[in-house]
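User: I'd like to learn how to read the features of a fold, one at a time. Can we walk through an example together?

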Amino acid sequence: MTMRRARRIASTAVVAAIAVTGLSACQQSPDVAAYVGKQSISEDRVEKILDQVRDDLTEARSKAAATGEAGGASAGAVSPLVMPIKQQDVVNTLLSIDVLSKAAQAHGVQAAAEPTVDQVAQSRSYSATWEYTKLYTQTFQLRAALQSKVTPATLTDADLRDVYKRLIAGGAADPSTPYDQFASQLSADNKKLLETYVAMRNELQDIAADAKVKLNPRYGNQQVTLLSAQSADGKDVPLVVVSFAGNADEAPYVTDVSAVTTLG
């Protein structure tokens with residue numbers, strides 16, 4: 001069972017298991033989406049980022065309708081507006097930037113120059129002018145800068161078993177492959193990749209815990225993926241994850257800033 005890097009920008013989330021609590025009684029406010037230490041992410045900030053995307057797409061749709069009608073097409077020929085992102089994506093991205101920035105500062109590094117905003121916009125079919133696209137790009141750039149700075153972790157049996165279970169559950173590995181075979185046949189390159197991202201996950205977990213990250217319960221259980229795999233049918237399978245967990249009973253809402261490997 002081998003893994004190789006895919007030449008594309010990931011569309012999955014940064015995944016690490018960071019247990020982050022919901023808002024405490026003393027901090028709870030309907031106007032706050034999340035707290036990171038003494039700082040907060042306001043609902044107004046989230047909505048402004050989302051509104052820019054909605055307004056831009058609405059204007060583009062109106063122009064397309066007008067152009068179509070001028071050419072004799074019916075108004076119903078224009079597709080309905082479909083938002084490419086949700087509130088959860090915005091909150092997750094803002095949280096990710098905060099935690100990743102703290103890690104970058106600790107290592108004395110700046111965000112990498114790539115991927116560029118244009119590259120991310122093209123890969124995700126976003127507009128390069130959206131603030132969300134610029135923020136989302138920053139999560140990739142920060143992760144890229146940290147990749148060479150973290151001290152590789154010593155992989156534990158629990159780490160490898162978690163990755164193995166994720167691969168099997170995601171249909172990215174043959175379920176008949178025994179765990180011992182998977183562990184013994186892991187290539188040196190893939191082992192190094194896992195060591196790097198498990199180390200990054202551990203650092204981000206500690207930062208999130210120290211910063212006492214707290215989510216408004218309305219956003220549920222959120223996760224960000226650091227490393228994912230691509231299965232034979234093209235699905236992205238999270239392997240190493242950071243959780244900004246609100247309601248742990250809910251299925252996690254995942255936003256991707258990950259590096260991707262492809263099973264072959």
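Analyst: Sure. Helices (H or I, at least four residues) and strands (E, at least two) are DSSP runs, numbered from the N terminus. By that count the protein has seven helices and seven strands. Keep in mind that this is a predicted model, where local features need pLDDT of at least 70, side-chain atom pairs count only at pLDDT 80 or more, and totals for chains, interfaces and linings use all residues. Residues are numbered from 1 along each chain as its sequence is written, and side-chain values use heavy atoms, with hydrogens and water left out.

User: Fine. In what pattern do the helices and strands follow along the sequence?

Analyst: The pattern reads β-β-β-α-α-α-α-α-α-α-β-β-β-β. Contacts (heavy atoms within 4.5 Å) tell you about range: of those between residues at least 6 apart in sequence, 80% join residues at least 24 apart.

User: How do I read a sheet, and what is the strand order in the open sheet of three strands?

Analyst: Strands of a sheet pair through backbone hydrogen bonds, either parallel or antiparallel. For pairing, DSSP has to find at least two bridges between two strands. Here the order is β3-β2-β4, with antiparallel pairing. β3 (39–42) and β4 (214–215) are the edge strands, each pairing on one side only. Strand β2 (residues 32–36) is joined to β4 by two bridges, with Ala34 partnered by Leu215 of β4. β2 and β3 pair over four bridges, and Val36 stands opposite Gln39 in β3. The β2 and β3 hairpin has two residues between the strands, and Gly37 there takes a positive phi near 65°.

User: Which helix lies across those strands?

Analyst: Helix α2 (residues 87–107) lies across β2, β3 and β4, running at about 10° to β2. Axes are lines fitted to C-alpha atoms, for helices over the stretch in contact, and angles run from 0 to 180 degrees between N-to-C directions. α2 has 21 residues and spans 30 Å from its first C-alpha to its last, close to the 30 Å expected at 1.5 Å a residue; the expected span is 1.5 Å times one less than the number of residues. Right after α2 comes Gly108, with a positive phi near 70°.

User: And helix packing: at what angle do the axes of α4 and α7 cross?

Analyst: Two packed helices are described by the angle between their axes and the distance between the axes. The axes of α4 (residues 131–147) and α7 (residues 188–210) cross at roughly 115° and come within 10 Å. Arg143, Leu146 and Gln147 of α4 make the contact with Leu193, Thr196, Tyr197 and Met200 of α7. Those residues divide into four nonpolar, two polar and one charged (Ala, Val, Leu, Ile, Met, Phe, Trp, Tyr, Cys and Pro count as nonpolar, Asp, Glu, Lys and Arg as charged, and the others, Gly among them, as polar).

User: What about backbone oddities: where is the cis peptide bond?

Analyst: Most residues other than glycine have a negative phi, and most peptide bonds are trans. Here a cis bond joins Glu114 and Pro115, with omega about 0°, and Pro115 sits in the loop between α2 and α3 (117–124). Ser125 is not a glycine, yet has a positive phi of about 60°; its place is the loop between α3 and α4. Lys212, in the loop between α7 and β4, likewise has a positive phi, of about 50°.

User: Are Ser125 and Lys212 buried or exposed?

Analyst: Buried means under 20% relative accessible area, exposed over 50%, partly exposed in between (1.4 Å probe, protein chains only). Ser125 has 63% relative accessibility, so it counts as exposed. Lys212 counts as exposed because its value is 55%. Across the protein, buried residues make up 47% of the 264 residues.
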